[in-house]
Amino acid sequence: MENLKLENIEAIAILFIISINSMILSTSQELIKTCSSSSLITASLVSILAILIGLLFCTLSKNFPQKNLLDIADFIGGKIFKFTVGLLFIIYFTFRASLFLKKISDCLQLVYYPMTNVLFISLLFCIAAGIVLSLKNNSLFKVSVLIIPIILTSVLLIFIGNCKNFNFENIFPILGNGIKSTFVSGLSNIYTFYGLGYLLFIPD
């Protein structure tokens, strides 16, 4: 098996890229739609929850050095349990990847290629993904670290460009659409950090 051990900076880069894409394409819209003016509170709670989950993963993984989730599942429940866990995550990752591909293809079609069939755009992404996957994963992780400054710069420029549209009076009412939407419904946006799941399949 190819050595897929990640440096800390590489793992952070992968999580950052996955999360920021999800935030820009869908999470921010869903959060505002669900929580209204309490979006900032809910976003903070979701971030704290994601950090706690990440710390939990790190703590548990220390008991299984050089093992990924499938190795742990095999140790706990044997090959059947390992197969079940693997199948569930394949379904989950396929579902998330499909949603992400649909979102980004729709955005590209709307902004840049209104006359192009969205299926053709999706196909180009699938081909590019296939080429990337055929390369060594370690190279992919290192490239992720290199493009982080570009992403951060882009996000910062977007923020600066929209500063004139900010109105701090819009934070009221503090609880937006109510306590339930702020502290219960809004927490479903934890899926923004679904990239944590990928790290479970890479040995420490």
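Thr42 is buried in this predicted model, with a relative accessible area of 0%. Thr42 is part of helix 2, and the chain as a whole has seven helices and zero strands. Buried residues account for 25% of the 204 residues in the chain.

**Thr42 and helix 2**

- Thr42 counts as buried because its relative accessible area is 0%, and the cut-off for buried is under 20%.
- Neighbours within four places in sequence aside, Thr42 contacts Leu31, Cys35, Ser181, Thr182, Gly186 and Leu187.
- Helix 2 covers residues 39-61, which is 23 residues.
- From its first C-alpha to its last, helix 2 reaches 33 Å, close to the 33 Å expected at 1.5 Å a residue.
- The buried residues of helix 2 are Ser39, Thr42, Val46, Ala50, Gly54 and Ser61.

**Helix 3**

- Helix 3 takes in residues 69-111 and spans only 40 Å between its end C-alpha atoms.
- A straight helix of 43 residues would span 63 Å at 1.5 Å a residue.
- Helix 3 has a kink of about 135 degrees, centred on Gly77.
- Ile72, Ala73, Val85, Gly86, Phe93, Arg96 and Ser105 are buried in helix 3.

**Helix 4**

- Helix 4 is made of residues 118-134, 17 residues that should span 24 Å at 1.5 Å a residue.
- The end C-alpha atoms of helix 4 are 25 Å apart, which agrees with that expected span.
- At the N-terminal end of helix 4, Asn117 acts as a cap.
- A side-chain oxygen of Asn117 lies 2.8 Å from the backbone nitrogen of Leu119.

**Cysteines**

- The structure contains zero disulfides.
- Cys107 has 36% relative accessibility and therefore counts as partly exposed.
- Cys126 is also partly exposed, because its relative accessibility is 44%.
- Both values fall between the cut-offs, since buried means under 20% and exposed means over 50%.
- Cys35 is among the residues in contact with Thr42.

**Whole chain**

- Along the sequence, the pattern of the chain reads α-α-α-α-α-α-α.
- Of the contacts between residues at least 6 apart in sequence, 80% join residues at least 24 apart.
- The chain has an accessible surface of about 13900 Å².
- Carbon and sulfur atoms make up 74% of that accessible surface.

Definitions and conventions:
Residues numbered from 1 in each chain as written. Predicted model: local features only at pLDDT ≥ 70, side-chain atom pairs only at ≥ 80, totals over all residues. Heavy atoms only, no water. Helix = DSSP H or I, 4+ residues; strand = E, 2+ residues; numbered from the N terminus. Buried < 20%, exposed > 50% of the residue type's maximum accessible area, 1.4 Å probe, protein only. Contact = heavy atoms within 4.5 Å. Areas by Shrake-Rupley, 256 points an atom, 1.4 Å probe, with all protein chains shown as cover. Disulfide = S-S within 2.5 Å. Expected span 1.5 Å × (residues − 1). Bend = angle between axes of the 7 residues up to and from the residue. Polar contact = N/O pair within 3.5 Å; in protein donor to acceptor, adjacent residues only side chain to side chain.
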